[in-house]
Amino acid sequence: MTKEISEKQREQQHLDHVLDLINDKEKELKSSIKSAEGEARDINSHFFDDVKLDYDGYSTSMETALSIHQQQQLLSEREHAWQHSAKQLDTIERLKKKPYFARVDFKESNEKKAETIYIGLGSFADRDDHFLIYDWRAPISSIYYDGKLGEVSYNSPEGEITVDMTKKRQFMIKDGKIESMFDTNESIGDQMLLEVLSEKSSTQMKSIVTTIQQEQNKIIRNTSADLLFVQGAAGSGKTSAILQRIAYLLYRYRGNLTSSDVIMFSPNQLFNDYIKNVLPEMGEQNMVQMTYWQFVSRRLPGMEVESLFKQFEDQNSDTNISAFKDSVNFFNLVTRYAKHLNKRGMIFKNIYFRDKKKPYFDKEKIKEIYYSFNENYKLANRIDATREELIKMLNRKIAPEVKKNWVMQTIEGLSRDELNELYDRPDQEFNSEKEEEKFLGRKIVVKALKPVSNKINHNQFINMRAQYLSFLRAVPKMTDLSKWNISEEDWQKHIEEVKENFKKHHIYMNDVSAYLYLYDLITGRRTDYEMRYAFIDEIQDYTPFQLAYLKYNFPRAKFTMLGDLNQAIFTKDESRSLLKQISGLFDPKKTDVVQLTKSYRSTKEITDFTKQILRQGEKIEAFNRRGPKPALWGRSNEQEAIEALVKILDKNNKSQRTTAVITKDLASAKQVAEQLKQKGEKATLIATANQRLVPGTLVVPSYLAKGLEFDAVVMWDASKENYHKLDETQLVYTITSRAMYELDIIYIGEKSPLLDVDSDTYVEK
Ligand SMILES: Nc1ncnc2c1ncn2[C@@H]1O[C@H](COP(=O)(O)OP(=O)(O)OP(=O)(O)O)[C@@H](O)[C@H]1O
């Protein structure tokens, strides 16, 4: 015991020493920032004193320019130094709160003495470049997460290095004091994990730096795969791992990679809000974040793209047709169809000007131009060349247009002010009235033709909707639809539906990607070559088509896709073929698949219960954190059910647990929220993804609860009537697996057969 205490004292002394150095560094940085700011102000205020303002001759004005240039350079150097110091100060301030969380001792093979390093959220070195703290992302830090004591390897820039790890120690530090510390032989001791996991949920996700698990570390530090596919159970840390991975990559490739080269697709806006603090807390900036819906709909401003809400609430479309349209096969058909357009089949629109009956540019004429270029032209060149030709033609139309009556009439109707606006200068002089009229006429015509030239420049002479429908009509000729169990009639009927939808400016989610892809191929819209890493969370809710389209959009990016096929609430059983379909898009040698089976979110009681809902849930392993068994509340009518809900909320509030009442759809969420209000219970209805998560009780429809977690969850109305289809299994699993400590399930009448689980794993209330 005495030994342990003295060991702890020794560690405290070391911590005090490090903290002193950190404080010194902080002072030093603050003063250098201050003086850099002062200098910059100085340079700015003397800027023009030093610059010789002399524009007389060429040589002197050259001198002026040079001297401005020098001053600017000086400023930007100062600014650079200032930014560097500011960044360092930022790290220091983060380290001050909690300098490090671990220590490892290790021996390199040819050394006798063990080396000791401390690992924290950033690096810190003293004056002699002697590292007192290593960033958790430094190569050597990897051994802390990866190995047991003894021989362990890590990847360094010079290749793989093997060392003998002799000690692994973890610290809990608060306000400069070591609260506890323990030595461990495990990858990351369960004790530390348990402590971290026992914290309460909050409206913001936290980083898991101190307790990254070995298999998560593999995901975080993978740099070789073009496609890293992670299949992980609910709560296995997929989202946490992605965010850590982004922080890791930004560190590993610093100088070459910035947060704007990284894009993350997430299930909804609510989720974006939930994770937004994780990277900044680690000292990194957030990546570009988007939902797939935002990604596609921002490109179709004139159309209403089927929303998440609609997609979920009206899932009544033909499943065979959906499966087909969501497939990579369908993607390949678009590619093939576009190739064929190089020879024939493009459809254009007339462009009108003033006269709504007679086209200014006739669609047949445009088509003639389009196909007049030789065969070597690619689609994109064809459209560019057509556009150029049309603009040339438009320019030739200006002079004859100026002579038309409407122009003269317009000039006559102009006020003095309007006229003045058209002149180049207020006192502009003309040789004759005729010349003046010509001048003004030209100005008026060019202005009036602006919408026409805009249409041309924005490719609006392509009849994209008709083109897409023509593609759909060509589909039966290109592929055998009967293989997808789709009859010719059904397909024709479906095309009519899409057409009707277009008329209303609506587009289905499973048309939008194909539509944009076809547009991209026709116009050669530049894809995004800059994006280096693309992350897709909750992959099971994407269709293979969408993933193929994302890959097309980010051709240089390495992809990390994470998901749980057991939580496919939009694509349901189609998600099973997902991995097979997307793996075809990447080089198999550069594809890594990682499985995460341990679930950290929920107590053992909850995980043991929820995994039975799945057909293949046996692989999921619960983390050994204990809590009450889930409770089932069977009630015979709505009134009693609400009373049960109130009782549960009271119980949870007493133990200060935040509860989410999760309903199947929005209508019932609204209803429950209203009934709670009538009972005087405080609850916030989350009806759209644009809302904020707030502390306190929430009422959330299932599809908005994706990826989130709550201390306590009440699943509302899990009756047979509400959940009876086998393909709703994933939905029931997603809802119940949001709970960390307590899960209550209320049903009215008969219980859903999807909840037929071992009666020992729950209690009835
Ligand atoms: N190594 C870890 N150390 C501490 N906490 C962890 C660790 N891994 C995961 N967790 C915690 O487990 C919970 C679930 O993690 P996360 O949300 O990343 O899982 P997920 O796999 O994305 O879940 P889902 O698929 O259900 O959305 C979070 O509270 C997270 O902080």
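**Exercise 1. Determine whether R354 is buried or exposed, and describe its backbone.**

Solution. Step 1: R354 is exposed, because 12 other C-beta atoms lie within 10 Å. The cut-offs are 20 or more other C-beta atoms within 10 Å of a residue's own for buried, 12 or fewer for exposed, and partly exposed in between, with C-beta atoms placed from the backbone. The model is a predicted one, in which local features need pLDDT of at least 70 and side-chain atom pairs count only at pLDDT 80 or more, while totals for chains, interfaces and linings use all residues. Residues are numbered from 1 along each chain as its sequence is written.

Step 2: R354 lies in the loop between α12 (328-341) and α13 (363-370). Helices (H or I, at least four residues) and strands (E, at least two) are DSSP runs, numbered from the N terminus.

Step 3: The phi angle of R354 is near 60°, a positive value in a residue other than glycine.

**Exercise 2. Treat D175 in the same manner: where does D175 lie, and is it buried or exposed?**

Solution. Step 1: D175 is placed in the loop between β6 (159-174) and β7 (177-183). Step 2: With 7 other C-beta atoms within 10 Å, D175 is exposed. Step 3: Its phi is near 45°, a positive value in a residue other than glycine.

**Exercise 3. State the strand order of the open sheet formed by 7 strands, and identify what packs on it.**

Solution. Step 1: The order is β20-β21-β19-β22-β23-β18-β24, with parallel pairing; two strands pair if DSSP finds at least two bridges between them. Step 2: β20 and β24 (763-764) stand at the edges with a single partner strand each, so one side of each has no neighbour in the sheet. Step 3: Helix α24 (residues 638-654) packs on the sheet and touches β18, β19, β22 (710-715) and β23. Contact requires C-beta atoms, placed from the backbone, within 7 Å. Step 4: The direction of α24 makes about 165° with that of β23; axes are lines fitted to C-alpha atoms, for helices over the stretch in contact, and angles run from 0 to 180 degrees between N-to-C directions.

**Exercise 4. Describe strand β21 (residues 698-701) and its partners.**

Solution. Step 1: L698 and V700 point one way, V699 and P701 the other, and all are buried. Step 2: Strand β19 (residues 659-663) runs parallel to β21 and is joined to it by 4 bridges; A660 stands opposite L698. Step 3: Strand β20 (residues 684-685) pairs with β21 in the parallel sense over 2 bridges, and L685 stands opposite V699.

Technical notes: Two residues are in contact if their C-beta atoms, placed from the backbone, lie within 7 Å.
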